[in-house]
Amino acid sequence: MTTTDPTEEHPFWEGAARGVLRIQHCADCGHTTLLARGTCPSCLAESLAWVDTDPVGVVESTTRIDRPPSASVSAGYGLAVVRLDAGPCILTRTTEELPAIGQRVRIGFSAASANGRHLPVAHA
Ligand SMILES: [Zn+2]
């Protein structure tokens, strides 16, 4: 059964705090997914496990955020959707310059944000 329990995301954030990008991998069919799930979205097996992955991929889209979502967030940052070489897409912040569509990038992590999470950041 697919779940949206936020506590199941913990392995992702635990990896992020160590500078490691983690995704879930299905031992039955090899499918990979970024969102925390209880069952594989490809074969429905309950064989997903968190694994470290190579944090590299290709930029699929970008946007610049000039109006922040809340007063506690500074405006003027970029976002990118990156298709990881391992399969899934990840939404990341970008460094000051927006990367080009199709550009290869490496995903790192920011210093801890106000909620203690280290956010993904795409680097050229
Ligand atoms: Zn599977």
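What follows is a short dialogue on reading the fold of a predicted model.

Trainee: Where do I start? Which elements are there, and how many helices and strands?

Mentor: Start with the inventory. The protein has one helix and eight strands. Then take the order. From the N terminus on, the elements run α-β-β-β-β-β-β-β-β.

Trainee: How compact is the protein for its length?

Mentor: Compare its radius of gyration with the globule rule. Here the radius is 15 Å, and the rule gives 14 Å for 124 residues. The two values are close, so the protein is as compact as a globular protein of that length. For the outline, look at the principal axes. The C-alpha trace spans about 40 × 30 × 25 Å along them.

Trainee: How do I read the domains? What are their bounds?

Mentor: Take the bounds from the domain assignment. It gives domain 1 as 1-53 and domain 2 as 55-124. Next comes the spacing. The C-alpha centres of domain 1 and domain 2 are 20 Å apart.

Trainee: How many residues of each domain are in contact with the other?

Mentor: Count both sides separately. Domain 1 brings ten residues into contact with eleven residues of domain 2.

Trainee: Which elements give two or more residues to the domain 1 side?

Mentor: Helix H1 (10-17) and strand E2 (32-33) do. H1 gives the most, with three residues. Then check the chemistry. The side of domain 1 that touches domain 2 has six nonpolar residues, four polar ones and no charged ones.

Trainee: Now the sheets. In what order do the strands of the open sheet lie?

Mentor: Read the order across the sheet, not along the chain. This open sheet has three strands in the order E2-E1-E3, and the pairing is antiparallel.

Trainee: Which strands are at the edges?

Mentor: Look for strands that pair on one side only. Here those are E2 and E3 (48-52). Then go to the bridges. Strand E1, residues 22-26, pairs with E3 over five bridges in the antiparallel sense. For a landmark, find Cys-26, which stands opposite Leu-48 in E3.

Trainee: What does E7 pair with?

Mentor: Follow the strand and list its partners. Strand E4 (residues 56-65) pairs with E7 over three antiparallel bridges. One landmark is Val-56, whose bridge partner in E7 is Arg-106. E7 is also joined to strand E8 (residues 118-123) by five bridges, and these two run antiparallel. There, Ala-112 has His-118 in E8 as its bridge partner.

Trainee: Which residue in the hairpin of E7 and E8 takes a positive phi?

Mentor: Inspect the backbone between the strands. This hairpin has five residues there. Gly-116 takes a positive phi near 85 degrees.

Trainee: What makes up the largest nonpolar core?

Mentor: Look for buried nonpolar residues that join up. The largest such core has seven: Leu-21, Val-59, Ala-80, Val-82, Val-105, Ile-107 and Ala-122. Then map them onto elements. Strand E5 (77-84) and strand E7 (104-112) each give two or more residues to this core.

Trainee: Which residues does Ala-122 touch?

Mentor: Leave out residues up to four places away in sequence. Ala-122 then touches Val-59, Ala-80, Val-82, Thr-92, Thr-94, Pro-99, Val-105 and Ile-107.

Trainee: And overall, what share of the residues is buried?

Mentor: Buried residues make up 20% of the 124.

Trainee: What share of the contacts joins residues 24 or more positions apart?

Mentor: Set the base before you quote a share. Among contacts with a separation of 6 or more, such pairs account for 47%.

Technical notes. Residues are numbered from 1 along each chain as its sequence is written. This is a predicted model: local features need pLDDT of at least 70, side-chain atom pairs count only at pLDDT 80 or more; totals for chains, interfaces and linings use all residues. Domain bounds come from an automatic or database domain assignment. Two residues are in contact if their C-beta atoms, placed from the backbone, lie within 7 Å. Helices (H or I, at least four residues) and strands (E, at least two) are DSSP runs, numbered from the N terminus. Ala, Val, Leu, Ile, Met, Phe, Trp, Tyr, Cys and Pro count as nonpolar, Asp, Glu, Lys and Arg as charged, and the others, Gly among them, as polar. A nonpolar core is a set of buried Ala, Val, Leu, Ile, Met, Phe, Trp, Tyr and Cys residues joined through C-beta atoms within 7 Å. A residue is buried if 20 or more other C-beta atoms lie within 10 Å of its own, exposed if 12 or fewer, and partly exposed in between; C-beta atoms are placed from the backbone. Two strands pair if DSSP finds at least two bridges between them. The radius of gyration is taken over C-alpha atoms; the globule rule is 2.2 Å times the number of residues to the power 0.38.
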